[in-house]
Amino acid sequence: MEVELKRRNFVKFMSFATLVSAFDGAKSYASQLAEGSENVSIFPQPLDVGDTVAVTASASPSNLWEIQPMVNLFKRKGISVVVGETVTKRNKNFRYLSNDDEFRAKEFMDFVLDPKIKGIISARGGYGSIRILKYLNYELIKQNPKIILGYSDFTCVLNAIHKLSDIITFHGPLANFYPDSFTTESLGKLIFRKNIVNNVNQRYKFTRENVLVDGVTRAPLVGGNLTSLVSLLGTKYELDTKDKILFFEEVDEQPYKIDRMLKQLELAGKFDNCRGIIIGYISKLDAKRNFFPDYSFTIRQVIEMNLGKLEIPVVFNFPFGHYKKFMTLPLGVEGILDTKSREFLVILPEVLTKL
């Protein structure tokens, strides 16, 4: 019982000195990023050689073997890796969760408040991230901005923190991802200082086959896993798509479920003032599934029915999501989507190249 009480009240026991120090550091860095701009989200400090990142299992269980390829990637970049007890000491009593909700939230917040930790990576997805949202302290997260990276079920954490803490979060590979050269290059251009200084913008060329609706737009990015995004509707954590480019991906879902989720987003008004849509890799895009008494639509047909009549650019089958290649996308950073030149760019704040 005593342990449970400590978990429930861990934020209350933070020292005042720690909070003041963290706030001053964040304020100084944020002011650099905001020069010449209004309403700019906080871009966390890029990683330098000698920095440390942490891996935590905020959802389903993981293990050291599973995360080793990404750990090795960071070590090759000169970044140390700390692995949380949610990975190393799984509590099997919680079945499809790595541990109980407050334990997972506390570990996440401990990493947020540790000044030595410069980034937090989700070990894997699965399910469970939505269960810790109410235990996170979003003001403390805002005062201690750092790189927060992951995708799939971790979409819930990425969007909640971006919305309530106004921090740019990164929809990118989980710690259990095997990073190929494409994935490594894309991630590096967004989170490693050396790459950011040398490569201001991330650029991706796509083909005509990727285009559903033509158009050109420039707007901040928001999105993630489709199921997770829909699960946040009606809560204080739900995504804001007004004047944004929405991106989403999904895996192993039936066409009718994709149809239902897209229709729910439509009925919630999420397409009304959206500036563009980018759909990541979805497996079995053209497969016909059994659906009594006949066959279902294909996922491609479902996407065309729901999004094909929008008057904004819509592209699909981009390399991010549950796919062997992963283009990291930062929530809150502007992107340019141009179907005429068939090019997508991520535009980083110019001040980042001067830090």
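**Close-ups of a predicted model**

**View 1. Alanine 268, a partly exposed loop residue.** Alanine 268 has a relative accessible area of 40%, and since buried would need under 20% and exposed over 50%, it counts as partly exposed. In this predicted model, alanine 268 sits in the loop that links helix H11 (255–267) with strand S10 (276–282). Leucine 233 is 35 residues away from alanine 268 in sequence, yet the C-alpha to C-alpha distance between them is 7.8 Å.

**View 2. Helices H3 and H8 crossing each other.** Two packed helices are described by the angle between their axes and the distance between the axes. Here, helix H3 (residues 64–76) and helix H8 (residues 181–191) have axes that come within 13 Å and cross at roughly 50°. That angle is neither under 35 degrees nor in the 65 to 115 range, so H3 and H8 are oblique to each other. The crossing of H3 past H8 is right-handed. On the H3 side, Met70, Leu73 and Phe74 make the contact, and they meet Thr184, Leu187 and Ile191 of H8. Sort these contact residues by class and you get five nonpolar, one polar and no charged.

**View 3. Strand S4 and its pairing with S3.** Which way do the residues of strand S4 (residues 147–150) point? Ile147 and Leu149 go one way, Ile148 and Gly150 go the other way, and all of them are buried. Strand S3 (residues 117–122) runs parallel to S4, and the two pair over three bridges. As for individual partners, isoleucine 120 is bridged to isoleucine 148 in S4.

Conventions
Residues are numbered from 1 along each chain as its sequence is written. This is a predicted model: local features need pLDDT of at least 70, side-chain atom pairs count only at pLDDT 80 or more; totals for chains, interfaces and linings use all residues. Side-chain values use heavy atoms; hydrogens and water are left out. Axes are lines fitted to C-alpha atoms, for helices over the stretch in contact, and angles run from 0 to 180 degrees between N-to-C directions. Helices (H or I, at least four residues) and strands (E, at least two) are DSSP runs, numbered from the N terminus. Angles under 35 degrees count as roughly parallel, over 145 as roughly antiparallel, 65 to 115 as roughly perpendicular and the rest as oblique. A crossing is left-handed if the near helix is turned anticlockwise from the far one by less than a right angle, and right-handed if clockwise. Contact means heavy atoms within 4.5 Å. Ala, Val, Leu, Ile, Met, Phe, Trp, Tyr, Cys and Pro count as nonpolar, Asp, Glu, Lys and Arg as charged, and the others, Gly among them, as polar. Buried means under 20% relative accessible area, exposed over 50%, partly exposed in between (1.4 Å probe, protein chains only). Two strands pair if DSSP finds at least two bridges between them.
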